[in-house]
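Trainee: Could you take me through the nonpolar core of this model, and then show me what surrounds it? I would enjoy one connected tour.

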Amino acid sequence: LIHFYKRPRVKMMSESDDLDVPQNPPPPPHPSVDVPQTPAPPQSSVDVPQTPQPSGDDASHSDKGAKEGEDSSNLDTTDEIGNSHDLNDSHTEDTGGEHNASTDAVHSDSGTVEEELDVGDESPELRNSSLRIQQQENGHNENGQDGAGGGSPRVNDVQADVSKMSLSENSNLQQQARKPVEIRPVHIGDMKIRSKLKFEVVTAKVMEEGGKKFVAYTIMLKRASGDPHPALIHRRYNDFCKLYERILCTFHKSVLGDFQFPQKVLIRNFKAEVISERTDAFHRFLNLIASNDKLLYSDYFHAFMCTEEQNEAVSYIKLGRYHEASPLLETIFYIREKMFTLSHICVLECVVELVACLAAVKSDETAYRYSLIASQCIQLSAGHPYLTQITVPFLKLAESLAESVGHDPKPYKKQISELRYSGVKTDRVPSLLEVIRDKYIHTATKTARAY
C-alpha cells in the first residue's frame, strides 16, 4: 500500500509543469549526499583539490565529481515533495533500468560507506600532493614557461643556489689567498759579532773550457760552531797563486808560518798525486788565513772569495738574465754574511740586488724571505749614503711582496708614510731593479771592485 500511494505522487510530479527544477544546476563547491538513517561523515567522500583545469587522470576524477554533483542536486530537490525513498523509486522506474552510480553509492551497505569515508588521513594527503606535483609538471611542459612572471620557481631556486655556491667559492678563494705563506727562515749568524770561520777543500775536478783543461777546486766556507747553509765556490790553481803573491806583497812571509805554496808543474799536473798534494796545501793555506783577522778581512781575500761570482752576476743583470744572476748573488750573500755580518754595507748591497732579481723572475716567496733580511740590514746601516738611493724603491717592492704572499704590508706602508712626512719624495720613483741596473750600466763586466 505504501508503494501504491507513492507512485501517483511521483507521476504527478513528473506531469506537472509548474515545478521549477533546474536541468543542469552548477555543481556545488563541496557536494554532499544525504544518507538516511546513517550519520553524516565529517568530510566528503571525494577530496577534489581547488586547482584550475587538471589534466590526465585528474580530469576524469573531476568529471566524475561533477556527475555526482548533478545527481546529488537532483536528490536535494525531492525534499519539497517527498523523502529520498520516493525519488529513488520514481527515478528507477522512469529511466527504465538505467544504472546510476550516485544511487548505488546511496543504497550501498552502510558499513562499506563508513569504510570508504573513514579512510586514514594519509590517503587524501598523498592524493593531493600527487595532484599538485602533476599540475606543476603539466603546467611547465604544456606552456613551456611557468606563471605570469615567465620564470620557473625551480629554475630560480637553482640559480639562487648556484649563485650562493659561486659566492661561497669566491669567499673560499679569497680566504685561501689571504692565508699567509709560511716563510722559511734564512740561516744567519750574529748580526754584529763575527763568527769564527772554517775552510775546507772538498773536491778537485778536472774540467775543460775553451779547449784547455784545468782543475777546479771546490771550497766550502762555514762557521766553526756549525752552519746549516755553508757557501760553496770553485777556484783554480792560478787564483790561489795570485792570492799568495798578494799576501807576500803586503806582509812578510812569516805571517803564514812555515807554509810552503805548491810549485807549478809544467807536465803531469793532472795526475792524482799532484791534485791530492795541492788539495791538502790549499786547505791548510785557507785555514791559516782564517786564523789571522788581518788576512781574513783584507780586500784582496774578499776579492778572491767573491769577485768571480760578482762579475758574472753583474753581466747577467745587464743582459736582463735575472734567473741566472739570482744563484750567484745568493752565494755572495752567504759569503759576505759569514765574513762581515749583516751590519756591513756590502751585505746590504748584495741582498737588495738578490731581492730585485728574485722578484723579477716571480719568485715572490724567496724574494720576501730575503727582503726580511734586507730590512734588518737597512736598520743596521742607518745613515749610510747608499740608503738614499734604495730605501723607497725597496720599501715599495717589499710591500708588494708581502701582499703577494699573504703577509701584513702595514709596516712597509708606515715607513713610506714616515719618509713622505719627513720630506722624502715617495711618488714617481724608479723601481729597485732600475736603480740597480743604472748602477752597473757603465761598469765593465770583468773589472774587479775594490772593497
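Mentor: In this predicted model, the largest nonpolar core has 87 residues, and those with the most contacts inside it are F301, M305 and F333. The helix that gives the most to this core is α13, residues 345-360, with 13 residues.

Let's start with F333. Leaving aside its neighbours within four places in sequence, F333 is in contact with V186 and I188 on the earlier side of the sequence, and with L342, V347, C350, V351, Y370 and I373 on the later side.

One of those partners, C350, brings us to the cysteines. C350 is buried, with a relative accessible area of 1%. The closest cysteine sulfur to that of C350 belongs to C306, and the distance of 7.9 Å is too far for a bond. C377 is buried as well, at 0% relative accessibility. The sulfur of C377 has its closest cysteine sulfur in C346, 9.5 Å away, and that is again too far for a bond. A disulfide needs the two sulfur atoms within 2.5 Å, and a search of the whole structure finds 0 disulfides.

Just ahead of α13 there is a backbone detail to look at. T341 lies in the loop between α12 (322-340) and α13. Its phi is near 70 degrees, a positive value in a residue other than glycine. Most residues other than glycine have a negative phi, which is why a value of this sign invites a second look. T341 is buried, with a relative accessible area of 2%.

You can set R428 beside it. R428 also has a positive phi, of about 55 degrees, although it is not a glycine. This residue is found in the loop between α16 (410-421) and α17 (432-440). The surroundings contrast: T341 is buried at 2%, whereas R428 counts as exposed at 82% relative accessibility.

From that loop, follow the chain into α17, the helix that holds Y440. At 6% relative accessibility, Y440 counts as buried. Apart from its neighbours within four places in sequence, Y440 is in contact with Q310, V314, K318 and E353. Look at V314 in that list: its C-alpha atom is separated from that of Y440 by 7.0 Å, while the two residues are 126 residues apart along the chain.

E353, another contact of Y440, takes part in a salt bridge too. The side chains of K439 and E353 meet at 3.0 Å, N to O. This pair links distant parts of the chain, with K439 in helix α17 and E353 in helix α13, 86 residues apart. The two ends differ in exposure: K439 is partly exposed, with a relative accessible area of 27%, whereas E353 counts as buried at 2% relative accessibility. Elsewhere, salt bridges that share partners join R223, D227, E337 and K338 into one network.

The structure holds 11 salt bridges, and R235 takes part in two that are worth following. In one of them, the side chains of E308 and R235 meet at 3.3 Å, N to O. Here E308 sits in helix α11 (residues 299-319) and R235 in strand β3 (residues 231-235), and the pair links parts of the chain that are 73 residues apart. E308 is partly exposed, with a relative accessible area of 42%, but R235 counts as buried at 2% relative accessibility. R235 also forms a salt bridge with E309, at 2.9 Å, N to O. E309 lies in helix α11 and R235 in strand β3, so this pair ties together parts that are 74 residues apart in sequence. E309 is buried, with a relative accessible area of 10%.

To finish, let's step out to the surface. V265, L266 and I267 make a nonpolar surface patch of about 340 Å². L266 lies in the loop between α8 (237-250) and α9 (272-290). At 82% relative accessibility, L266 counts as exposed, in contrast to C350, the buried contact of F333 where the tour took its turn to the cysteines.

Conventions:
Residues are numbered from 1 along each chain as its sequence is written. This is a predicted model: local features need pLDDT of at least 70, side-chain atom pairs count only at pLDDT 80 or more; totals for chains, interfaces and linings use all residues. Side-chain values use heavy atoms; hydrogens and water are left out. Buried means under 20% relative accessible area, exposed over 50%, partly exposed in between (1.4 Å probe, protein chains only). Patches are made of residues with over 30% relative accessible area and no salt bridge: like charges are joined within 9 Å, nonpolar side chains (Val, Leu, Ile, Met, Phe, Trp, Tyr) within 5 Å. Accessible areas come from the Shrake-Rupley method with a 1.4 Å probe; for residues, only the protein chains shown count as cover. A salt bridge is a side-chain nitrogen of Lys or Arg within 4 Å of a carboxyl oxygen of Asp or Glu. Helices (H or I, at least four residues) and strands (E, at least two) are DSSP runs, numbered from the N terminus. A nonpolar core is a set of buried Ala, Val, Leu, Ile, Met, Phe, Trp, Tyr and Cys residues joined through side-chain atoms within 4.5 Å. Contact means heavy atoms within 4.5 Å.
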